[in-house]
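Trainee: Please give me a close look at one buried position and what surrounds it. Then follow the packing outward from there as far as it can be followed.

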Amino acid sequence: MIFLLFLFAVLLSLGFFFVLADVLKLPTVKTAKAVMNAGRKDKKLSRTADALLLDMAIRLSKFIYMDEYKKSRLKNILKAAGIQMTPETYAAYAYVKAVAILLGVIPCLLILPLLTPVVVFLAVTVYFKEIRRADECLEAKRDMIESELPRFVATIEQELKSSRDVLSILENFKKNAGPALAGELDIVCADMRSSSYEAALTRFEARLNSPQLSDVVRGLIGVLRGDDGAVYFQMIAHDFKLLELQRLKKQAQKIPPKIRIFSFLMLMCFLLTYLVIMALEIIKSLGGMF
């Protein structure tokens, strides 16, 4: 009886949804997915659930209020992380996804009430994960760029011995840079052609908010103002090499625990092999006795 009531509620909800979708002229799922996939940089296509959730988030974003500081900060983070959303839509998407999971409480209360706390915990976890997704993407991008800064600084140090054209130096390094740094250098080079060099470099620094990148930008601005710059970049190149060694040591320290797990598995396999051989020999000896 409870299952029939649940099935009736689901079918009734679907009926109301399709009627309202026709009245409100909502786009179809295929249309929403095509809009989401258009202009995506990665090859991963959007799922149907993502298209539905994003459509609801866009409609909910009209009712979300943010103060100017928080909105401006989140807008810069989303732009730097490569997420094509407005701050209101981004926040609404986190709310909508958490609420969609939280709706699973209703069938849990009817069928298995013990799972209700698990669903609530999952909804809260998904909300915090989605609201921090932009910060995590930006942090990963910043780490990728900072890993290339030692080579970038060493190149600038060598280029300054023969040229002081900052735009030319950035364009030449962009050809051999990684995807993350090459994308940012492409933006800053286009910005430098259309506006002031110093303003473009300052915006480049503000987008990523990296202390190491700030040192590089400060040196480039000094070169634009007529400073020598060679000694400065020589000093920060030495500092960046030390930071790179520390970063590599931290990565190396994370490897032994992973190796230890596989070493333990190999040890268990060896022990199991010996135990099987001993068991077979014992069985053979007992069989010979009888």
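Mentor: Ala180 is buried, with a relative accessible area of 12%. The cut-off for buried is under 20%, so the value for Ala180 falls inside that class. Everything that follows rests on a predicted model. Ala180 sits in helix α10, which covers residues 179-194. Apart from neighbours within four places in sequence, Ala180 is in contact with Lys141, Met144 and Ile145. The C-alpha atom of Ala180 is also separated by 9.8 Å from that of Ala140, a residue 40 residues apart from Ala180 along the chain.

Lys141 leads on to the next element. This residue is in α8 and takes part in the contact with α4. Two packed helices are described by the angle between their axes and the distance between the axes. For α4 (residues 68-81) and α8 (residues 133-159), the angle is about 50° and the axes are 9 Å apart. With that angle, α4 counts as oblique to α8. The crossing of these two helices is left-handed. On the α4 side the contact involves Ile77, Leu78, Ala80 and Ala81, and on the α8 side Ala134, Asp135, Cys137, Leu138 and Lys141. By class, seven of the residues in this contact are nonpolar, none is polar and two are charged.

Gln212 also belongs in this part of the picture. Gln212 is in helix α12. Residues up to four places away in sequence are not counted here; Gln212 touches Glu146, Leu149, Phe240 and Leu243. Is Gln212 buried or exposed? Its relative accessible area is 19%. The limit for buried is under 20%, so Gln212 still counts as buried. Asn209 gives a contrast: at 60% relative accessibility, Asn209 counts as exposed. Asn209 lies in the loop between α11 (197-208) and α12 (211-224). Phi of Asn209 is near 55°, which is a positive value in a residue other than glycine.

Back to α4, where Leu78 is the residue to follow. Leu78 meets α8, and Leu78 is also listed in the contact of α4 with α5. The α4 and α5 axes are 9 Å apart and make an angle of about 85°. The two helices are therefore roughly perpendicular to each other. In this contact, α4 supplies Lys71, Leu74, Lys75 and Leu78, while α5 supplies Pro87, Glu88 and Tyr90. The division by class is four nonpolar, no polar and three charged residues.

Tyr90 carries the path further, since it is named in the contact of α5 with α4 and in the contact of α5 with α7. Helix α5 (residues 87-102) packs against helix α7 (residues 116-131) at an angle of about 165°, with their axes 8 Å apart. An angle over 145 degrees counts as roughly antiparallel, so α5 and α7 are placed in that class. The crossing of α5 past α7 is right-handed. From α5 the contact takes in Tyr90, Ala91, Tyr93, Ala94, Tyr95, Lys97, Ala98, Ile101 and Leu102. From α7 it takes in Val119, Val120, Leu122, Ala123, Val126, Tyr127, Glu130 and Ile131. The composition is 15 nonpolar, no polar and two charged residues.

Tyr95 and Tyr127, both in the contact just described, bring in the aromatic rings. Ring pairs link Tyr95, Tyr127 and Phe128 into a cluster. The structure holds four aromatic pairs. One of them is Tyr127 with Phe128, an edge-to-face pair at 5.3 Å centre to centre and 70° between the planes. Tyr127 counts as partly exposed at 21% relative accessibility. Phe128 is partly exposed as well, with a relative accessible area of 48%. Tyr232 and Phe233 form an edge-to-face pair too: their ring centres are 5.6 Å apart and their planes are at 85°. In this pair, Tyr232 is partly exposed at 28%, whereas Phe233 is buried at 0%.

To retrace the path: Ala180 touches Lys141, and Lys141 is part of the contact between α8 and α4. Leu78 of α4 then appears in the contact with α5, and Tyr90 of α5 in the contact with α7. The path ends at the ring cluster of Tyr95, Tyr127 and Phe128.

Conventions
Residues numbered from 1 in each chain as written. Predicted model: local features only at pLDDT ≥ 70, side-chain atom pairs only at ≥ 80, totals over all residues. Heavy atoms only, no water. Phe/Tyr/Trp six-rings, centres within 6.5 Å; stacked < 30°, edge-to-face > 60°. Buried < 20%, exposed > 50% of the residue type's maximum accessible area, 1.4 Å probe, protein only. Axes fitted to C-alpha atoms, helices over the stretch in contact; angles between N-to-C directions. Helix = DSSP H or I, 4+ residues; strand = E, 2+ residues; numbered from the N terminus. Parallel < 35°, antiparallel > 145°, perpendicular 65-115°, else oblique. Left-handed = near helix turned anticlockwise from the far one by under 90°. Contact = heavy atoms within 4.5 Å. Nonpolar A, V, L, I, M, F, W, Y, C, P; charged D, E, K, R; others polar.
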